[in-house]
Amino acid sequence: MDDLSLRPSHRRILTELSHTERLRRSDLSRRLDLPKATVAGLVDDLIARGLVVESEPSPAGGAGRPARTLALAGPPPAVGVLVWSTGLLRVAITTLLGDVVAERVAPMTSQQEIDGLLDPGVAMLREAAGEAKLPVAGLTSLVLGVPAPYQRGVGMPVRPTGGPTGQYVPWLRDDPGRALTRRTGTPTVVENDANLGALGEYAFGAGQGLDTVVYLKLGPRSIGAGLIINGRLHRGANGFAGELAHIQIRDDGVLCACGGRGCLIDEIGPGLTRVLAPAHPEPLTFETMLSLAADGDVGLRRVLGDVGRVIGRPLADLCTMLNPDAIVIDGSLGPAGTYLIDGLAEQVVRYAAPTTAAAVHIVPGALGGHADLLGAVALIRDEQDRRARR
């Protein structure tokens, strides 16, 4: 797709084929809004260049000859993804078709600086790329997901190290995207982790076919939301949109690392495991808390319901303001997410405008722990679509 002799229409066809496994010529004509004869000439040219192949599928029964389908020649383009979120660094190789072909996971603490994550992240990326039999330099792009606001062209706001919650990444001696590109030679896009989750569920999961979706992500030290409005990711004026953790819920609350007081994260974030620890003989982590709740621990189920009610109050107001089709809860919470959903739904029904409460569906994510990885695919696909239309 870097051949300078290719026309913009050629590139649009290649982009469409990189995002969908097999298409017919008539599909391309409809998607690109071009005459069938024009598409036929462009496709024939791409086949002659060895960039596209055409094959006839096996007949599935019925009358008529099955239509030939088109695909890119060679393996599908792939993206490298590194996401630091919920105490883990997840690294994966994903195709632009949405297949996760290799993955690595390592624990990371909230006190680490992102500078210190790049070298192990690149090592994990090279391992995953080796498993996928792809060189890192052959990847279309890299996507780096971070657990804090990010404004493109500006970066992340400077914030104090070791704030009250540990919610924020201690920042930063260098822009992470440029630093990762220097280490790998591959262009890098940086995005907030909840935004990636929202894009993943919207493009591949529970939000497919909907117009406006709120995605809720809950971690051991973070509460975030990704907003899809009219089919587009909404980042806000400076990248802070969806930072549900920093909605004020107590006028006299403690001072937060964000500069506010009485933020939601300070009331229910790190306090979850601390409050419950005396009732459990073993050290209680966020992961064991979810596991115990899924296994029937009555106390933990009740606490998760309470958390859902606390989060649900500001989300009820958001429902009235945005009138979303759905609130999608991070699927990596597993069965324990059911109790969070119950508490959240109770507040939405009670406090949102009745018509918006009736319209919104509150559902678990369909992608489990892969929402942010597939969100990176959706992000790159969207950027490629925009470039192809220039």
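**Figure 1. Helices α1 and α2 cross in this predicted model.** Start with helix α1, which covers residues 8-19, and helix α2, which covers residues 25-32. Their axes come within 11 Å and cross at roughly 115°, so α1 and α2 end up roughly perpendicular to each other. The crossing is a right-handed one. Who is touching whom? On the α1 side look for R12, I13 and E16, and on the α2 side for L28, R31 and L32.

**Figure 2. Helix α2 also packs against α3.** Slide along to helix α3, residues 36-48. Here α2 and α3 sit with their axes 9 Å apart, at an angle of about 115°. The crossing of α2 with α3 is right-handed. From α2, the residues to pick out are R25, S26, L28 and S29. They meet K36, V39, A40, V43, D44 and I47 in α3. Keep an eye on L28: it belongs to the α2 group that meets α3, and it also belongs to the α2 group that meets α1.

**Figure 3. Helices α9 and α10 pack with their axes 8 Å apart.** Helix α9 takes in residues 286-294, and helix α10 takes in residues 298-322. The angle between them is about 110°, which makes α9 roughly perpendicular to α10. This crossing is left-handed, whereas the one between α1 and α2 is right-handed. The α9 side of the meeting is made up of M289, L292, A293 and A294. Facing them from α10 are L300, R301 and L304.

**Figure 4. L180 sits buried in helix α5.** Helix α5 runs over residues 176-184, and L180 is one of its residues. How accessible is L180? Its relative accessibility is 0%, so L180 counts as buried. Setting aside neighbours within four places in sequence, L180 is in contact with L82, L118, V122, L142, L144 and T188. V122 deserves a second look, as it is 58 residues away from L180 in sequence. In space, the C-alpha atoms of L180 and V122 are 7.9 Å apart.

**Figure 5. I362 is a buried residue in strand β12.** The strand spans residues 361-364. With 18% relative accessibility, I362 falls under the 20% cut-off and therefore counts as buried. Leaving out residues up to four places away in sequence, I362 touches I327, I329, I341, L344, A345 and V348. There is also A326, which is 36 residues from I362 along the chain. The C-alpha atoms of I362 and A326 are separated by 5.7 Å.

**Figure 6. G334 lies in a loop between β11 and α11.** On one side of this loop is β11 (326-329), and on the other is α11 (337-351). Is G334 buried or exposed? Neither label fits, because a relative accessibility of 36% makes G334 partly exposed. Now find G368, which is 34 residues from G334 in sequence. Measuring C-alpha to C-alpha in the model, G334 and G368 are 7.2 Å apart.

**Figure 7. K133 and N230 are two loop residues with positive phi.** Most residues other than glycine have a negative phi. K133 has a phi near 60°, and N230 has one near 50°. Where do they sit? K133 is in the loop between α4 (115-131) and β6 (141-146). N230 is in the loop between β9 (222-229) and β10 (232-234). At 74% relative accessibility, K133 counts as exposed. N230 counts as exposed too, with 57% relative accessibility.

**Figure 8. R313 places its charged end over the ring of Y351.** The distance to look for is 4.0 Å, from the charged end of R313 to the centre of the Y351 ring. As for ring-to-ring partners, the structure has zero aromatic pairs.

**Figure 9. Zooming back out, the protein has 13 helices and twelve strands.** Out of its 390 residues, 49% are buried. Contacts across the sequence get a number as well: take those with a separation of 6 or more, and 63% of them are between residues 24 or more positions apart.

Terms used: Residues numbered from 1 in each chain as written. Predicted model: local features only at pLDDT ≥ 70, side-chain atom pairs only at ≥ 80, totals over all residues. Heavy atoms only, no water. Helix = DSSP H or I, 4+ residues; strand = E, 2+ residues; numbered from the N terminus. Buried < 20%, exposed > 50% of the residue type's maximum accessible area, 1.4 Å probe, protein only. Contact = heavy atoms within 4.5 Å. Phe/Tyr/Trp six-rings, centres within 6.5 Å; stacked < 30°, edge-to-face > 60°. Lys NZ or Arg CZ within 6 Å of the ring centre and 35° of its normal. Axes fitted to C-alpha atoms, helices over the stretch in contact; angles between N-to-C directions. Parallel < 35°, antiparallel > 145°, perpendicular 65-115°, else oblique. Left-handed = near helix turned anticlockwise from the far one by under 90°.
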